[in-house]
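Here is a short report on charged and aromatic side chains. Look at the sequence and the structure first, then read on.

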Amino acid sequence: SFTADGETAYYTRNGKKAKNGYMLEIWESNFEKGAWTPGKRLFFNNINYNYFHPAVTPDGKRLYYVTDEPTGLGGTDIFYVDKNEDGSWKATTNAGQDINTTGNELFPTFYDGIFFFSSNGHPGLGGLDIFRLSKDARGELSVKNMGYPINSDKDDLGLSIKGNTGFGA
C-alpha cells in the first residue's frame with residue numbers, strides 16, 4: 001500500500017520461521033533521493049502473531065492492517081494505527097464490531113476514499129464476500145455487502161474500481 005504521494009510503502013514481509021511457514025510482519029519503506037530506504041519493521045509486530053494486508057488511508061494518517069492476535073473478536077480482525085504529527089505512531093486499535101466479527105476479516109482497501117474489506121463473518125453469498133463501510137442516513141456506520149456480480153458463492157478477496165466500472169477477484 002502506497003501513500004498518495006508515492007513516497008511511503010507499507011508491505012507484508014516474512015518474519016520468524018514457524019512450524020507451518022513464516023510469521024508475517026508489516027514493514028515500511030520511504031522513497032528518498034531517488035531510491036527506497038531499507039525497510040523498517042513497524043512497532044506493533046509481535047513474533048507470535050501474523051500482521052498483513054496493510055492499507056494506508058488516502059491522507060496517509062492511518063494504516064489499517066489484518067492480524068490474528070487473540071485481542072480481536074475471532075479469526076482475523078482488522079486493526080488500525082494513527083500517525084502523530086511528528087511521524088511516530090499512536091497505539092493500535094481494533095476497528096470494532098461494525099467491521100470485525102468472530103469470522104475472518106481481510107484485505108482492507110480504499111477506493112475514492114471509501115473503505116472496503118472482505119469477510120466471511122458478515123452475511124453474504126458464500127465464503128469471503130466484499131463489503132463497503134459507509135454511513136447511513138443517521139450518520140452511523142453501516143456495512144454493506146457489495147452483492148452480485150461483485151460477490152459470488154466462492155471467496156471474493158478484493159476489487160478494482162475505475163470510474164463506473166470494476167471487478168472483484
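The text below covers salt bridges, two acidic residues and the aromatic rings.

**Salt bridges**

The model is predicted. A search of the whole structure gives 7 salt bridges. Three of them are set out here.

| Salt bridge | N to O distance | Relative accessibility |
|---|---|---|
| Glu25 and Arg41 | 2.9 Å | Glu25 9%, Arg41 34% |
| Lys40 and Glu28 | 4.0 Å | Lys40 52%, Glu28 6% |
| Glu140 and Arg138 | 3.8 Å | Glu140 43%, Arg138 65% |

Take the pair of Glu25 and Arg41, which meet at 2.9 Å. This pair links distant parts of the chain, with Glu25 in strand S2 (residues 21-32) and Arg41 in strand S4 (residues 40-41). The two residues are 16 residues apart. Is Glu25 buried or exposed? Glu25 has 9% relative accessibility, so it counts as buried. Arg41 counts as partly exposed because its relative accessibility is 34%.

Next come Lys40 and Glu28, whose side chains form a salt bridge at 4.0 Å, N to O. Here too the pair links distant parts of the chain: Lys40 lies in strand S4 and Glu28 in strand S2, 12 residues apart. Lys40 has 52% relative accessibility and therefore counts as exposed. Glu28 has 6%, so it counts as buried.

The side chains of Glu140 and Arg138 also meet, at 3.8 Å from N to O. Glu140 is partly exposed, because its relative accessibility is 43%. Arg138 is exposed, with a relative accessible area of 65%. Which residues are joined into one network by salt bridges that share partners? They are Glu28, Lys40 and Lys83.

**Asp77**

Asp77 belongs to strand S7 (residues 77-83). Asp77 is buried yet has no salt bridge. What is the nearest side chain of opposite charge, and how far away is it? It is Arg62, 15 Å from Asp77. A salt bridge needs a nitrogen-to-oxygen distance within 4 Å.

The side chain of Asp77 does have a polar partner in the backbone. One of its polar atoms lies 2.4 Å from the backbone nitrogen of Leu73. Beyond its neighbours within four places in sequence, Asp77 is in contact with a set of residues that includes Tyr65, Val66 and Thr67. Asn94, Asn100 and Glu105 are also among these contacts.

**Asp155**

Asp155 sits in the loop between strand S12 (141-145) and strand S13 (159-162). Its relative accessibility is 48%, so Asp155 counts as partly exposed. What does the side chain of Asp155 reach at 2.8 Å? It reaches the backbone nitrogen of Leu128. Asp155 and Leu125 are 30 residues apart in sequence, while their C-alpha atoms are 9.3 Å apart in space.

**Aromatic rings**

How many aromatic pairs are there? The count comes to 15. Ring pairs join Tyr64, Tyr80, Phe110, Phe115, Phe117 and Phe131 into a cluster.

Tyr80, a member of that cluster, also has a charge over its ring. The charged end of Arg62 sits there, 3.7 Å from the ring centre. Arg62 is also the residue named above as the nearest side chain of opposite charge to Asp77. A second arginine, Arg13, lies over the face of Trp27, 3.8 Å from the ring centre.

Technical notes: Residues numbered from 1 in each chain as written. Predicted model: local features only at pLDDT ≥ 70, side-chain atom pairs only at ≥ 80, totals over all residues. Heavy atoms only, no water. Phe/Tyr/Trp six-rings, centres within 6.5 Å; stacked < 30°, edge-to-face > 60°. Lys NZ or Arg CZ within 6 Å of the ring centre and 35° of its normal. Helix = DSSP H or I, 4+ residues; strand = E, 2+ residues; numbered from the N terminus. Buried < 20%, exposed > 50% of the residue type's maximum accessible area, 1.4 Å probe, protein only. Lys, Arg positive; Asp, Glu negative; His and termini not counted. Polar contact = N/O pair within 3.5 Å; in protein donor to acceptor, adjacent residues only side chain to side chain. Contact = heavy atoms within 4.5 Å.
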